[in-house]
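What follows is a walk through one protein chain, from its overall make-up to individual side chains. Please keep the sequence and the coordinates open while reading.

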Amino acid sequence: MAFTLRIGLLLLTRSPSVTAADGGNDTSQGRRDGWVSQPDGRGTFDILWSCLITIFLCTWVSLHLNVPASHEQYRHLFFRKMRWMVQAIMAPEFVLAFAIGQKVEAKKSVEQFRGLDLLRDNTFRTVDSAPSQRSLLQDAGGRVSSLINKIDMKLHGEEKDTRWSVRHAFYANMGGFVLHPRESAAFPINAKQLHWLIKQGYVEYPKMTAKEVWDKSKADGFQKSLTCLQTGWFIIQIVGRAIQKLPITTLEITTLSFVLCTLVMFTQWANKPLDVESPTVLTSSKSIAEILIEAGPAASQPFKQTPLDFIDNQSPSWLTEVQPHLRFRTGPRTRPLPRLTNDRFPVIGAGPDAVFLFLFTMAYCGLHFVAWDFSFPSLFERDLWRAASVTIAACAFIFWVCETYQDGHRLGRWERWYAKLFRDDRNGRINTMEKIRRNRRFIPVWEVIVMTPVTVVYTVARTYIVVEVFLSQRSLPVGAFNTVQWSEFVPHF
């Protein structure tokens, strides 16, 4: 009996479940290997479940993709969203760049349509620099008539504010409007093309209110509320662990980066309809051939995407410009395009939005440096994490330097600055159309040569981080399984 008790005590004192970093049995500074259950604190399943459900909600719910083609089925939409979900996991900062760029384009569209709104509200306005008394009377009569109509509609509850808004612009740029010319195939148009068609009188202004546009959205308030609750609780947990100096895992740090990107994407896509399935069809009494002939020499070149390429050719895009050179066989291959692609590279410019995106991208990359001195299963994995963190930050910086330079060239920003600094008016003598064509060369050879290796290196580094956050779960510090003692945050006597 004494021998049996001695053997039992020996097995208990030599339990292999806790291993110290230096080979001892100091449970306060040791590590816990393998799968850990949750007897009193949290276990491996709790960490994985909390992070995975947060990542899924952040990447799936936050994606606002464009309107699909009319012939596409649910499986096409599902796999397309899955591809973008994987892209959001591998490079969330680039998906954020698309969101910010789309909002910038929407705000530009509102400014462009403002003139059309003024013309619609005042039908009797003339363009004479010195209006006659007759035109002034007509103008006053039109204003009075418009005011009476508005009062009448308001009294009967029929007032409709159809002025162009950010929601209209988002809806147009995601392929929400489809042009169906006479005796011609229908194709999607964006906000710039719609503005030109309305201005030329080929289509009528779409009499849709912002609420009617939003009614097409499949936005689920429950999903977004659940996402906000989950991400909010996750942030509170991370802050609580940091305050109480409890170990935070690399998986939680990576999940926190997704949370921050999601919150910003929600703000940028707040007015973009979600999962719109059917567009609004705009008919024209003119055929597409008649429209192109009346447009003149600007529309004489063969189109690559849609017949209205001379207004806006949806460039640059991965599916329609880069992918054909790589001989990939995915993406829309019919012309005109049956839908507007989701991967049009954003042209943000050099305003506050660009500065914010650059600072946020650097902050996102810098978040990985928080785990610089974390306890990893091996020194080799720790060194690889450090190298990958530096690589991601460096690649992102190189990308933004190259893209900022090329963006300034394609928009003529550097030439305008040069002319202002050195009083050079040579830009004024350059033919306008030639300048537009030259500056619209979005992807030059030098950028492809520089960005190809940068993209490959970034992908390798990012892949390692995604894989490592799960591999590191096999051996975590003991303190990582302790839960936050919320009672310490409650004032008591």
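## Overall make-up

Of the contacts in the protein with a separation of 6 or more, 76% are between residues 24 or more positions apart. The model is a predicted one. The protein has 17 helices and 6 strands. Of its 493 residues, 42% are buried. The exposed area comes to about 28000 Å², and 62% of that is supplied by carbon and sulfur atoms.

The aromatic side chains come next. Across the whole structure, 20 aromatic pairs are found. One of them is formed by Trp84 and Phe98, which meet edge-to-face with 5.6 Å from centre to centre and 80° between the planes. Trp84 belongs to helix H3 (residues 74-90) and Phe98 to helix H4 (residues 92-121), so this pair ties together parts that lie 14 residues apart in sequence. Trp84 counts as buried because its relative accessibility is 10%, and the cut-off for buried is under 20%. Phe98 is buried as well, at 8%.

A further pair is made by Phe94 and Phe399. Their ring centres are 5.2 Å apart and their planes stand at 85°, so this pair too is edge-to-face; the angle meets the requirement of over 60 degrees. Phe94 is in helix H4 and Phe399 in helix H14, and the pair links distant parts of the chain, 305 residues apart. What is the accessibility class of these two residues? Phe94 has a relative accessible area of 23% and is therefore partly exposed. Phe399, with 21%, is also partly exposed.

Aromatic residues also gather in a group: Phe56, Trp60, Tyr74, Phe78 and Phe79 form one cluster. Trp60 has a charged partner as well, since the charged end of Lys81 sits over its ring, 4.9 Å from the centre. A comparable arrangement involves an arginine: Arg167 lies over the face of Trp214, and the distance to the ring centre is 4.4 Å.

Helix H4 also holds Ser109. At 3% relative accessibility, Ser109 counts as buried. Which residues does Ser109 touch, leaving aside its neighbours within four places in sequence? Ser109 is in contact with Trp164, Ala169 and Ala191.

A buried position can also be found in a loop. Gln314 is located between helix H11 (288-295) and helix H12 (318-325), in the loop that joins them. With a relative accessible area of 8%, Gln314 falls under the 20% cut-off and is therefore buried. Apart from neighbours within four places in sequence, Gln314 has contacts with Asn190, Gln193, Leu340 and Arg344.

The backbone has some features of its own. The peptide bond that joins Arg335 and Pro336 is cis, with omega about 0°. Pro336 is part of the loop between H12 and helix H13 (352-367).

Positive phi values appear at Lys245 and Asp275. Lys245, a residue other than glycine, has a phi near 55°. Its place is the loop between helix H9 (221-243) and helix H10 (250-268). Is Lys245 buried or exposed? Its relative accessible area is 72%, and because the cut-off for exposed is over 50%, Lys245 counts as exposed. Asp275 is not a glycine either, and its phi is positive at about 55°. Asp275 is in the loop between H10 and strand E5 (280-283). With 32% relative accessibility, Asp275 is partly exposed.

The last stop is on the surface. Phe397, Ile398, Val401, Tyr405, Val445, Trp446, Ile449 and Val450 make up a nonpolar patch, and together they have about 720 Å² of accessible area. The elements that contribute two or more residues to the patch are helix H14 (379-410) and helix H17 (445-471). One of the patch residues, Phe397, has its place in helix H14. Phe397 is partly exposed, with a relative accessibility of 42%. This value lets Phe397 belong to the patch, because patch residues need over 30% relative accessible area. Helix H14 is thus the site of Phe397 and also of Phe399, whose ring pairs with that of Phe94 in helix H4.

How values were computed
Residues are numbered from 1 along each chain as its sequence is written. This is a predicted model: local features need pLDDT of at least 70, side-chain atom pairs count only at pLDDT 80 or more; totals for chains, interfaces and linings use all residues. Side-chain values use heavy atoms; hydrogens and water are left out. Patches are made of residues with over 30% relative accessible area and no salt bridge: like charges are joined within 9 Å, nonpolar side chains (Val, Leu, Ile, Met, Phe, Trp, Tyr) within 5 Å. Accessible areas come from the Shrake-Rupley method with a 1.4 Å probe; for residues, only the protein chains shown count as cover. A salt bridge is a side-chain nitrogen of Lys or Arg within 4 Å of a carboxyl oxygen of Asp or Glu. Helices (H or I, at least four residues) and strands (E, at least two) are DSSP runs, numbered from the N terminus. Buried means under 20% relative accessible area, exposed over 50%, partly exposed in between (1.4 Å probe, protein chains only). Contact means heavy atoms within 4.5 Å. Rings of Phe, Tyr and Trp (its six-membered ring) pair if their centres lie within 6.5 Å; planes under 30 degrees apart count as stacked, over 60 as edge-to-face and the rest as tilted. A charge sits over a ring if NZ of Lys or CZ of Arg is within 6 Å of the ring centre and within 35 degrees of the ring normal.
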